[in-house]
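Work through these short exercises with the structure open beside you. Each task comes with a worked solution.

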Amino acid sequence: MRRTARTLDQALTGRVLERSELRWPSAVGADLTGRTVVATRSYGKHLLTRVDDGRTLHTHLRMEGSWKIARTGSPGARGRGPYIRAVLGNGVWTALGDRLGMLDVVPTDQEGTLIGHLGPDILDEAFPTTGLDEALSRIAARGSVPVAEVLLDQTALAGIGTIWTAEPLFLRRVWPWTPAEKVPDLPGLLMTTRGLMVRSVESTSGPTVTGEVGRGQGSYVHSRMGRPCRRCGTPIERGVARKPPMERPIFYCPRCQAPR
Ligand SMILES: [Zn+2]
C-alpha cells in the first residue's frame, strides 16, 4: 500500500484535478474537479488522497483492487471498464481505481474515524521506536490467537497481508498456528516482517500497482503450494487462517515450520 500511495503521489500531488469520477453509491455527489491534490498517504491497507479544500478520498483495495496510472488522453485513461470505480485525472496523468473494495469522501480532519481502530502501521517510520511496543501490547491482549491470525489482524498492527504473514514465519521457522504468546522472540518476528516489506517497497516502482505483490515469484513459500521448499525440498503446503468468511490462505513448509 505504501508503494501504491507513492505512485498516486507522483501522478497526482501538486496538480489540479481536471477530471473526477467517483462511481460509488455513497460518493456520487462528491466532485473533486478543480481541487489540487495535497498528498496520498497509506495507513495499513487504507489509502488517503487529500485535496486542498479539506476533503480526503479514502479508498481500500481489499483483495483484487488496484490503482493504475495512465497518461491523460491515452486509450488507457478512458476509464470505461465496468470495474473502474474511480477516475482522477490532471493534465498529465490519470489514476484509475479498479475493483476498489471501499471508497468514501470524508473531511480530512475526520480521517481518524476510518483508521482510528487500526493498530500501528508496520511501515511507519516510527514503528521501530513507538509502534512496536504498541503492537506487542495489542497482541498480548489477544491471548492465545494463532500468530498468523495476529499478523493479519489490522487492529493489532496494520499493513500485513497474506504474503508478509507467510514469508517471515518461514524465515523464522514458526508454525503459523503457534499461539502468538508462545512465539519465541515475537518482536524479532515483527521486525523481520517489517524489513521484508520495506525492502519490497523500495525494490520496485512503476506505473502499474496492484493490491498484492509477489504472486509466488521469488517468494519462499507464498503461492508455492506443492513446490519444493527452498530450504529442505519438502512440498510447500497451504493452510487456512481465521474462520469463514474471513479465512485467508497461509503457505508454509511442514518440515521447516513444524509445530514445536
Ligand atoms: Zn522446508
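For charge counts, Lys and Arg are taken as positive and Asp and Glu as negative, while His and the chain ends are left out. The model is predicted.

**Exercise 1. How far apart are the mean positions of the positive and negative charges of the protein chain?**

Step 1: count the charges. The protein chain carries 36 positive and 25 negative charges.
Step 2: take the mean position of each set. The two means lie 8 Å apart.

**Exercise 2. Decide how the protein chain compares with a globular protein of its length.**

Step 1: list the elements. The protein chain holds six helices and 10 strands.
Step 2: compare radii. The radius of gyration is 19 Å, and the globule rule gives 18 Å for 260 residues. These values are close, so the protein chain is as compact as a globular protein of that length.
Step 3: add the box. The C-alpha atoms fill roughly 60 × 35 × 30 Å along the principal axes.
Step 4: check burial. Buried residues, those under 20% relative accessible area, make up 49% of the 260 residues.

**Exercise 3. Which strands pair with strand 6, and in what sense?**

Step 1: locate strand 6. It spans residues 84-89, and five of its six residues are buried.
Step 2: take one partner. Strand 1 (residues 19-22) pairs with strand 6 in the antiparallel sense over four bridges. Here Ser 20 faces Leu 88 of strand 6.
Step 3: take strand 7 (residues 93-98). Five bridges join strand 7 to strand 6, again antiparallel. Ala 86 has Gly 97 in strand 7 as its bridge partner.
Step 4: trace the link. A hairpin of three residues connects strand 6 to strand 7.

Note on methods: Residues are numbered from 1 along each chain as its sequence is written. This is a predicted model: local features need pLDDT of at least 70, side-chain atom pairs count only at pLDDT 80 or more; totals for chains, interfaces and linings use all residues. Side-chain values use heavy atoms; hydrogens and water are left out. Helices (H or I, at least four residues) and strands (E, at least two) are DSSP runs, numbered from the N terminus. The radius of gyration is taken over C-alpha atoms; the globule rule is 2.2 Å times the number of residues to the power 0.38. Buried means under 20% relative accessible area, exposed over 50%, partly exposed in between (1.4 Å probe, protein chains only). The place of a charge is taken as NZ of Lys, CZ of Arg, CG of Asp or CD of Glu. Two strands pair if DSSP finds at least two bridges between them.
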